[in-house]
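Notebook open, structure loaded. I'm jotting down what I look up as I go.

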Amino acid sequence: MSVFQIRQGGTGAILWTGAAANEIQAIDAMAHDAGYHGHSDLPENIRHGLRVEALSFGTAREQASVGRMQGGRSGQFVMGTAINDRNLGRAAN
């Protein structure tokens, strides 16, 4: 499991940070947390504007995330930011 950070490409705003097996699962988790079924349900202009980055910390990531994993992924909204159609559309502008 790696920790990923997803940013809105135009502004660099952090939309989601969490653990996932790969980039697609990270985008799926972010989309699911935002109320979508998965990344394929995100509006195309948003989906293509996302930047996904695997983070590294210099310590054992597995030890820090033990017990937090559920269903192969975990994540959180950053700074209370909720992602929905309204602010996803705003981020795309």
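Leaving aside its neighbours within four places in sequence, which residues is Ala26 in contact with? I looked: they are Phe4, Ile6, Trp16 and Ala20, where contact means heavy atoms within 4.5 Å.

Note to self on the source. This is a predicted model, where local features need pLDDT of at least 70 and side-chain atom pairs count only at pLDDT 80 or more, while totals for chains, interfaces and linings use all residues. Residues are numbered from 1 along each chain as its sequence is written, and side-chain values use heavy atoms, with hydrogens and water left out.

Next, the core. I pulled up the largest nonpolar core (buried Ala, Val, Leu, Ile, Met, Phe, Trp, Tyr and Cys residues joined through side-chain atoms within 4.5 Å). It has 15 residues, and those touching the most other members are Ile6, Trp16, Ala26, Met30, Leu42 and Leu50. Two or more residues each come from β1 (2-8), β2 (14-20) and α1. Helix α1 gives the largest share, five residues. Helices (H or I, at least four residues) and strands (E, at least two) are DSSP runs, numbered from the N terminus.

Then Thr17, which sits in strand β2. I find Thr17 buried, at 17% relative accessible area; buried means under 20%, exposed over 50%, partly exposed in between (1.4 Å probe, protein chains only). The Thr17 side chain makes a polar contact of 3.4 Å with that of Gln5.

Last, His32. It lies in helix α1, residues 23-33, and is partly exposed at 44%. I also checked His32 against Leu42: ten residues apart in sequence, 9.7 Å apart C-alpha to C-alpha.

A polar contact is a pair of N or O atoms within 3.5 Å; within protein, one must be able to donate a hydrogen and the other to accept it, and residues adjacent in sequence count only if both atoms are side-chain atoms.
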